[in-house]
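Thanks for coming. I have one structure to go through, and you should have the sequence and the model on screen in a moment. I will go from loops to strands, then helices, then the contact between the chains.

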There are 2 protein chains.
Amino acid sequence: MALLVQKFGGTSVGSVERINAVADRLLRYRGQGHDLVVVVSAMSGETNRLVALAAELNPDAPAREVDVLLSTGEQVTIALLSMALHRRGQDARSYTGAQVNILTDNVHGKARILSIDDQRVRKDLAAGRIVVVAGFQGVDDQGDITTLGRGGSDTTAVAMAAALKADECQIFTDVDGVYTTDPRIVPKARRLDRITSEEMLEMSSLGAKVLQIRAVEFAGKYKVPLRVLSSFEEGQGTLISYDEEKDMEQPLISGIAFERDEAKVTIMGVPDQPGVAHRILGPIADAHINVDMIVQNVGGDDTTDLTFTVHRDDCKRALQFLEAIARELKARAVKSDDHVVKLSVVGVGMRSHAGVANTMFKTLAEEGINIQMISTSEIKISVVIEEKYLELAVRSLHSAFGLEGQPEDL
Amino acid sequence: MALLVQKFGGTSVGSVERINAVADRLLRYRGQGHDLVVVVSAMSGETNRLVALAAELNPDAPAREVDVLLSTGEQVTIALLSMALHRRGQDARSYTGAQVNILTDNVHGKARILSIDDQRVRKDLAAGRIVVVAGFQGVDDQGDITTLGRGGSDTTAVAMAAALKADECQIFTDVDGVYTTDPRIVPKARRLDRITSEEMLEMSSLGAKVLQIRAVEFAGKYKVPLRVLSSFEEGQGTLISYDEEKDMEQPLISGIAFERDEAKVTIMGVPDQPGVAHRILGPIADAHINVDMIVQNVGGDDTTDLTFTVHRDDCKRALQFLEAIARELKARAVKSDDHVVKLSVVGVGMRSHAGVANTMFKTLAEEGINIQMISTSEIKISVVIEEKYLELAVRSLHSAFGLEGQPEDL
């Protein structure tokens, strides 16, 4: 007997058959005595259909009206899922974001949740109903409909779980949990039963795109136990925990994450003066180019080299800015490489253990893989390497850190 | 410079092209200096698509959830129309029923409007915006979404016009006004510039299905000037008036209405006692069979014959009930005829003029058409005749009452 908030994404509710499958599944959970609040996305394809209609009428449609339009997608799903539950003799009530007062700021298209009114939901739960809530949407203090942006339904689910102090927030996706690395590269990759939220943040920002970063951050802030499970198979999935005691039992390394499609840009021989990094990176940020890793080395001749990575698609644009800046700063040269990837080992365990970096560098060296950049945080070591070595590097590290079986104790 | 509430139905906004055409038209009205509140329906086909989805998941879906589902249809249209207006440099805001607080009772699927909050709309109008409101939908005092039932968007428009004390409520449809009769039967049928609301009520309930009865009643209650116009052509349309002074200038007869698909059911030789009509018609009403005309004749032998008309589809079912009642009441016989039609002449002028009935009966007699039932009200005379004579009767009456040109003065 627990209070569970469960979120099903667009693929999980993408057809009448799938909605029926979700309803069957909910009934099984209900049969185990759980109270259920279900957050759903728009049926897959629906949002694209609406966006195409809008684009035909106005390629530069006002964000307020786009939100009015897109929010209908989830509203359709909540009604249909409720109907499917009633069909099975299960009382259920659907609510739009506005109806449960998911109050947000007024930044249409990427609004942030401020508060939720849980009164009505609690009454329904007490009456034995399953509550079905539209994900991705809210309402601002003027009563205008807002949407939360990409992956917003995950955030809705976490926010509902926080407001209701739910026992667990369960995100059903097309994978059955978080893996030590991508199983397409390492077939022996292992599903993690448990991962800390900090590790999850590093993993998801690095390419294991199971959950939206915002949802994980939000869950961390309110200490909502978050679980990732498969929509299509049974299983325990992966629990994202905030429990410091249990964190200590975590293995040294939880996983190997990577990011393809990186590009590396370097400006060399810049006079080593205060404010130089800002003068270089300011215009890049102003151009809305996301910069990922930044590494600066100071040489002996009063100049410095600064290297950073951007998404491969932004490489050309970044170079243009950089060449202008280089002329201004009288830098020696600018160069780039768009055949690189980023690779990271992630684990809270490395906080209290030395030697992780060493194992990583040694493993890569043994495979003859050159490390181009290094960047470290408390629970992560990232390197940039040549693209063609990605698979080899991931497999070697996965094995070196013993991720197939029990974690190696270094 | 007037405040106009304009309603465009599903066909008028049924595609991107049509929405653009509506936007162009609104800009012309705006260019004339009018303040505009626009009420729109779901794009044609959309409601059917949603109903089909619901039917697949639950053929007996709860009415509350059906309303959550169907109300998305208009929400899509308001957003798209607002976008089209913005594209043309015209500021506009869309509102769902809930957002302008169209408060209704909680009878899902056929809710009645109780009140509207006009504050927000007035502010937008003052700021020069066109306000776009979702028709057909409202919200009950629990915050649950309701829908108003068939033709509900007309009712929304009239209610908005009443709340805002608009100068006129204009209903754009696929016809260019109310005609003296169906132009498919009488090519010379004439568009009426003006019709009283009472006549309109009789006309619309009798088959000239231009406007929903509820909208006309509602407009009458709040004295909202209501105009029917074509979505696709320019023109003045037909104004439905509530101005008693001007009513007096109305022609004797405004039009000839008719209802196909009628059936006539008779129970003969019923003991003529108090309560007999109730005993006969009570079970029919309980079975949700709509009874239209009712005629009772008292004979000389302490028995009576009672005849009523129902929709042809209900004829068999009505007969079954009637046969059971006939046995109970020891009536002499039950018979039916499902090849009849109803024909009515409508006009407020007949209040103050005798001879209308006589002209009607004489005209039908001259054509050899037998009258099977007669029923009269202050502004209407209805007869039931054999189906095959419908077109002949309508043409003869249209001519006899001089409806092609100026009304004849009898």
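B:Asn101 sits in the loop between β3 (92-95) and β4 (103-104) of chain B. Helices and strands here are DSSP runs numbered from the N terminus, with H or I and at least four residues for a helix, and E and at least two residues for a strand. This is a predicted model, in which local features need pLDDT of at least 70 and side-chain atom pairs count only at pLDDT 80 or more, while totals for chains, interfaces and linings use all residues. Residues are numbered from 1 along each chain as its sequence is written, and chains are lettered from A and ligands numbered from 1 in the order in which they are written.

Back to B:Asn101. The phi of B:Asn101 is positive, about 55 degrees, although the residue is not a glycine. Is B:Asn101 buried or exposed? B:Asn101 falls in between and is partly exposed, with 17 other C-beta atoms within 10 Å. The rule, with C-beta atoms placed from the backbone, is that a residue is buried if 20 or more other C-beta atoms lie within 10 Å of its own, exposed if 12 or fewer, and partly exposed in between.

A second loop residue to look at is A:Lys165. A:Lys165 lies in the loop between α5 (152-164) and β9 (168-173) of chain A. Its phi is near 50 degrees, a positive value in a residue other than glycine. A:Lys165 counts as exposed because it has 11 C-beta neighbours inside 10 Å.

In chain B, the corresponding stretch to point at is helix α5. B:Lys165, just after α5(B), takes a positive phi of about 50 degrees. The helix itself, residues 152-164 of chain B, has 13 residues and should span 18 Å at 1.5 Å a residue; its end C-alpha atoms are 18 Å apart, which agrees. The expected span is 1.5 Å times one less than the number of residues. Since 13 of the 13 residues of α5(B) are buried, that helix is largely enclosed by the rest of the structure.

Now the strands, starting with chain A. Strand β13 (residues 255-271) of chain A runs antiparallel to β16(A), and 11 bridges join them. Two strands count as paired if DSSP finds at least two bridges between them. One bridge to find on screen puts A:Glu259 opposite its partner in β16(A), A:Lys342. β13(A) is also joined by 8 bridges to strand β15 (residues 303-311) of chain A, again antiparallel. There, A:Val265 has A:Phe308 in β15(A) as its bridge partner.

β16 of chain A, residues 333-346, also holds A:Lys335. A:Lys335 has 12 C-beta neighbours inside 10 Å and therefore counts as exposed. What separates A:Lys335 from A:Ile267? They are 68 residues apart along the chain, and their C-alpha atoms are separated by 6.6 Å.

In chain B, look at strand β17 (residues 371-377) and strand β18 (residues 380-386), which pair in the antiparallel sense over 6 bridges. They form a hairpin with 2 residues between them. B:Met373 has B:Val384 in β18(B) as its bridge partner.

On to domains. Chain A is assigned domain 1 (3-173) and domain 2 (256-400); the bounds come from an automatic or database domain assignment. The centres of these two domains of chain A, taken over C-alpha atoms, are separated by 39 Å.

Last, the contact between the chains. Which helix gives the largest share of the side of chain A that touches chain B? The contact takes 28 residues from chain A and 28 residues from chain B, where two residues are in contact if their C-beta atoms, placed from the backbone, lie within 7 Å. On the chain A side, α1 (16-31), α2 (46-57) and α3 (63-87) each supply at least two residues. The largest share, 14 residues, comes from α3(A).

How do the two copies relate? A rotation of 179 degrees with 0.1 Å of shift along its axis superposes chain A on chain B, with an RMSD of 0.2 Å; the superposition is by least squares on the C-alpha atoms of residues with pLDDT of at least 70 in both. That is the relation of a two-fold axis. In chain A, the C-alpha nearest the axis belongs to A:Thr72, at 2.6 Å.
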